[in-house]
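Visitor: I'd like to learn how to read helix packing and empty space in a model. Can you walk me through it?

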Amino acid sequence: MLLNAKSVLLAGLALVAIYHVVTLVRGLPKLGSVRPTAGFIVTGVFTDFLDTLGIGSFATSTAIYRATKWVKDALIPGTLNAGHTLSTLAQAFIYTQVVEVEPVTLVGMIVAAVVGSWVGAGLVAKWPTQRIQLGMGLCLAAAAALTFAQAAGAIPGGGEAIGVTGVKLGIALFGNFVLGVLMTIGIGLYGPCLLLVSALGMSPTAAFPIMMGSCAFLMPFASARFIRLGKVDARAVVGNIIGGVPAVLVAAYIVKSLPLTAMRWLVAVVVAYTAITLIMSARRASQPEMAEA
């Protein structure tokens, strides 16, 4: 049964990969230049390398885009989803073949995340810049706290189970649905999903195919909605693809693991600072509206 589930999963990944490539080819040229700068490519290399090792790419990418002002705040959520999709698909192809997860848990959590992202993308793509800034800021603050906890070793160690049933399965499905919604705001799924899986008594290793499979399936559909509404930076998307996909292969097959504690502390500090700047930007934008009222 596990082998059949993996075969179906791999076939599904191939189909959504084709769908995403077609979406990019048809949609990005309509949004302006698709020629990336060196900075966008290097960003893809750095963030997707760390992503493959479990740190995540959304928070780090957001911090870079905010610090350099390369991507407008209103375009960051869509750019993250569209730009990191192919790298995430590559990760999913790799990790779903080498890590065992009970099929119902794996497929159920992936479907829940996809539904959540579909709901979230339809809402976030229509939000004004101020609300996006506030949403990203609050979510990044949570991400920073989670990264601090990981660096300090405070995340639950988890158990040895490769699946859950009953009430725990219901919690897993609802939790991944919420994480799918948050993905469209710009908060990465990896860290929270690892926490969710571990808290339910599953092996932390099982989180890799769950979180990578969830993102690989939800991101193409969320990306398509953002692209249709013109809510992505085309150059940043292409830069992430060019730099990110090779970085995934290097991290997964050559580097495989690194002592990441120091990097997590650094990422946590940078993400916390970015969260504060986003929230402050949202507050400054709201002040003129309050004065007019």
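Guide: We'll go through helix pairs, then a pocket and a cavity. One caution about the source: this is a predicted model, where local features need pLDDT of at least 70 and side-chain atom pairs count only at pLDDT 80 or more, while totals for chains, interfaces and linings use all residues. Residues are numbered from 1 along each chain as its sequence is written, and side-chain values use heavy atoms, with hydrogens and water left out.

Visitor: Fine. At what angle do H8 and H10 pack?

Guide: Two packed helices are described by the angle between their axes and the distance between the axes. Here helix H8 (residues 166-183) and helix H10 (residues 207-228) pack at about 50°, with axes 11 Å apart. Helices are DSSP runs of H or I with at least four residues, numbered from the N terminus. Axes are lines fitted to C-alpha atoms over the stretch in contact, and angles run from 0 to 180 degrees between N-to-C directions. H8 and H10 are therefore oblique to each other; under 35 degrees counts as roughly parallel, over 145 as roughly antiparallel, 65 to 115 as roughly perpendicular and the rest as oblique.

Visitor: Is the crossing of H8 and H10 left-handed or right-handed?

Guide: Right-handed, as H8 passes H10. A crossing gets that label if the near helix is turned clockwise from the far one by less than a right angle, and left-handed if anticlockwise.

Visitor: Which residues of H8 and H10 meet?

Guide: Asn176, Gly180 and Met183 from H8 meet Ile210, Ser214, Cys215, Leu218 and Met219 from H10, where contact means heavy atoms within 4.5 Å. By class, that's five nonpolar, three polar and no charged residues. For the classes, Ala, Val, Leu, Ile, Met, Phe, Trp, Tyr, Cys and Pro are nonpolar, Asp, Glu, Lys and Arg are charged, and the others, Gly among them, are polar.

Visitor: What about H2 and H5: at what angle do they pack?

Guide: Helix H2 (residues 38-52) and helix H5 (residues 85-98) pack at about 25°, with their axes 11 Å apart, and are therefore roughly parallel to each other. Asp48, Asp51 and Thr52 in H2 meet Ser87, Thr88, Gln91 and Tyr95 in H5. That contact has one nonpolar, four polar and two charged residues.

Visitor: Now the empty space. How much lies in the largest pocket?

Guide: Rolling a probe the size of a water molecule over the atoms shows where empty space is left. On a 1 Å grid over the protein atoms alone, a cavity is a set of points where a 1.4 Å probe fits but cannot get out; a pocket is an open set with protein on both sides within 12 Å along at least five of seven lines, and lining residues have an atom within 4 Å of a point. Points are joined across faces, edges and corners, and a volume is the space filled by probe spheres set on them. The largest pocket holds about 200 Å³. Helix H1 (2-27) and H10 each supply at least two lining residues, and H1 gives the largest share, five residues. The lining divides into five nonpolar, two polar and three charged.

Visitor: And how many cavities of 30 Å³ or more are there?

Guide: Three. The second largest cavity has a volume of about 60 Å³. Its lining includes Asp51, Thr88, Met183, Cys215 and Met219. Asp51 and Thr88 also take part in the H2 and H5 contact, while Met183, Cys215 and Met219 take part in that of H8 with H10.
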